Amino acid sequence: MNRTRCDRTPAWSQLLAAFESTGRTFDVRSAFAADPARFEAFSQSAPHVFADLSKNRIDAETEALLLELAQQTGLVAHRDAMFAGEAINNTEQRAVMHWLLRTPPADPAMPAQSVHRQMAETLHEVHTTLGAMLAFAESVRADASITDIVNIGIGGSDLGPQMAVLALDEFVIPGKRFHFVSNVDGHELAAVLRKVKPASTLFLVASKTFTTIETMTNAHSARAWFESNGGTDIARHFAALTTNVAAANAFGISTTFGFWDWVGGRYSVWSAIGLPLAIAIGAQGFKEFLAGAHAMDTHFRTAPLAQNLPVRLGLLDVWYRNFHGFTSRSVAPYHSALKRYPAYLQQLEMESNGKRVDADGQALPFGTSPVVWGEPGTNGQHAYFQMLHQGTDVVPVEFVAVKTPKHSLPGHHALLLANALAQAQALMQGKADAGGHRHFTGNRPSTFLLLDELNPTSLGALIALQEHRVFVSGSVWGINSFDQWGVELGKVLAKDAEARLGSGDATGLDGSTAGLLARLRVS
Ligand code: F6P
């Protein structure tokens with residue numbers, strides 16, 4: 001598979017020239033005035049998600065060049081290599097196959113390469129494991145004596161299931177509470193343990209590696225609490241979700257649900273890591289979640305690039321990051337249940353694409369991952385939208401709105417949607433008729449993602465859309481989006497610091513760390 005880094009393609013130079021001639025001064029308002037069909041040209045239907053891209057600083061010529069850039073970097077071959085199970089995670093020599101977790105048992109649309117024997121066997125294993133996990137989920141749902149499910153995990157072993165359980169709150173089985181403990185800060189676990197009882201609690205220890213220090217510390221403390229509070233049946237009250245079943249067994253957990261090293265932590269909500277979600281919304285709901293994602297996979301794999309939503313979004317990200325120089329993107333879900341969606345996207349995008357070297361280890365001369373941040377609307381409006389409207393930096397905003405609510409309280413939903421529309425409008429239109437402090441420059445870009453309803457299917461599609469758009473920008477940048485070496489150094493230093501907190505030894509430390517260590521040790 002041939003990948004060419006974006007800055008080494010002819011299209012990159014053409015885009016640089018296009019940016020200087022029309023991009024830098026592009027005004028979305030004038031573009032609408034000049035083209036009555038702009039909304040149609042820059043909107044895109046994809047499975048379960050409709051996207052309006054028309055309020056972005058982009059025209060047909062720029063988009064054509066960006067699509068050319070995608071072609072010249074080898075995006076299509078790279079995408080197909082992922083779907084063929086090639087080891088595209090080159091620094092860890094691993095395939096990237098989270099998409100297989102949502103592939104139906106005999107999907108006629110699977111690419112030819114995927115039906116070869118080994119892939120078919122792997123798919124069979126996926127469905128056997130899924131079946132066991134869903135059967136377990138159903139047994140927990142049917143067990144009225146289990147009232148509390150405590151997921152102990154961090155990063156991808158927390159953010160995905162937590163985000164999804166909260167997002168699908170309307171579909172969650174009544175009579176069961178879901179808790180998520182991620183932080184090694186004992187306050188978090190202690191607060192949950194105050195609310196639960198050993199006899200009615202199921203602990204899920206979620207860790208791909210089963211070595212993550214936060215998760216192991218919390219799991220040990222949870223087990224100690226369980227045993228010292230009269231809990232007896234570990235096999236019934238603890239289950240592990242991991243690729244490292246041997247370590248889970250060694251910990252004393254015999255109920256385990258496995259997955260594979262070709263599932264990245266931040267891409268693992270579709271695997272056994274999704275068990276809390278499966279318990280919450282049931283086997284059927286979880287299958288719908290997978291089906292929504294699979295529909296988006298098929299769209300990504302088969303739609304022409306010019307009508308391919310992950311491709312269009314990912315290329316827009318490149319245009320903003322590398323030509324306009326925008327360093328962040330704000331996400332604004334106008335649905336209170338999507339409260340952990342921004343945090344989930346932070347790991348997905350920033351851990352995937354926060355890289356300073358290309359896949360061959362060469363330093364990059366251009367920027368990669370933007371800072372991704374946000375809060376549900378309308379809350380964000382009353383906090384940081386001031387900066388989005390009048391700050392010195394332009395921050396593209398990505399709205400998510402849901403057409404039909406699941407509640408029947410009069411007035412609320414229209415007001416919510418009106419606010420989402422109004423914010424996008426205000427960012428673009430600005431306000432020129434007042435000077436000074438009351439002036440809004442406008443021409444501030446935004447994208448609007450629209451779901452008919454927030455349900456397991458549409459959530460699955462939305463999350464898969466985000467996974468693939470991150471793939472697209474990472475692919476164009478020529479990086480490996482599937483490793484995360486940047487988290488390792490801090491882990492090593494934390495071990496050293498922990499020992500020094502005990503011993504007080506400051507030998508060889510920098511002055512700041514030594515000073516802080518001394519203060520932290522004063523009792
Ligand atoms: O430290 C980062 C990370 O490796 C993430 O990529 C991962 O999602 C998280 O830690 C948790 O890892 P594990 O599931 O192995 O406990």
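How many residues surround the ligand, and which are the closest? Here are some notes on this predicted model, starting with that site.

1. **Around the ligand.** The ligand is surrounded by 14 residues. S157, S207, K208, T209 and T212 are the closest of them.

2. **Polar distances to the ligand.** If you are setting up a look at the site, here are three pairs that involve an oxygen atom of the ligand. For S157, an N or O atom of the side chain lies 2.6 Å from a ligand oxygen. With G156 the partner is a polar backbone atom, at 2.7 Å from an oxygen of the ligand. The side chain of Q347 places an N or O atom 3.2 Å from a ligand oxygen. As for burial, the ligand on its own has 390 Å² of accessible area, and the protein covers 88% of that.

3. **Helix α1 against helix α13.** Now to the helix packing. Helix α1 spans residues 10-23 and helix α13 spans residues 309-324. Their axes are 11 Å apart, and the packing angle is about 75°. Since angles of 65 to 115 degrees count as roughly perpendicular, α1 is roughly perpendicular to α13. On the α1 side the contact uses W12, L15, L16, F19 and G23, which meet V318, W319, N322, F323 and H324 of α13. By class, the residues of this contact are seven nonpolar, three polar and no charged.

4. **Helix α4 against helix α13.** Helix α4, residues 60-73, also packs on α13: the two axes come within 10 Å and cross at roughly 100°. That crossing angle makes α4 roughly perpendicular to α13. From α4, the contact draws on T62, E63, L66, L67, L69 and A70, while α13 supplies V311, R312, L315, V318 and W319. Here the contact residues divide into eight nonpolar, one polar and two charged. You will find V318 and W319 of α13 in the contact with α1 and again in the contact with α4.

5. **A cis peptide bond.** Here is a backbone detail to look at on screen. The peptide bond that runs from G377 to T378 is cis, and its omega is near 10°. T378 sits in the loop between β9 (371-374) and α15 (385-390).

6. **A positive phi.** One more backbone point concerns H48. Although H48 is not a glycine, its phi is positive, at about 70°. H48 belongs to the loop between β1 (43-46) and β2 (49-52).

Note on methods: Residues are numbered from 1 along each chain as its sequence is written. This is a predicted model: local features need pLDDT of at least 70, side-chain atom pairs count only at pLDDT 80 or more; totals for chains, interfaces and linings use all residues. Side-chain values use heavy atoms; hydrogens and water are left out. Axes are lines fitted to C-alpha atoms, for helices over the stretch in contact, and angles run from 0 to 180 degrees between N-to-C directions. Helices (H or I, at least four residues) and strands (E, at least two) are DSSP runs, numbered from the N terminus. Angles under 35 degrees count as roughly parallel, over 145 as roughly antiparallel, 65 to 115 as roughly perpendicular and the rest as oblique. Contact means heavy atoms within 4.5 Å. Ala, Val, Leu, Ile, Met, Phe, Trp, Tyr, Cys and Pro count as nonpolar, Asp, Glu, Lys and Arg as charged, and the others, Gly among them, as polar. A residue is near a molecule or strand if one of its heavy atoms lies within 4 Å of it. A polar contact is a pair of N or O atoms within 3.5 Å; within protein, one must be able to donate a hydrogen and the other to accept it, and residues adjacent in sequence count only if both atoms are side-chain atoms. Accessible areas come from the Shrake-Rupley method with a 1.4 Å probe; for residues, only the protein chains shown count as cover.
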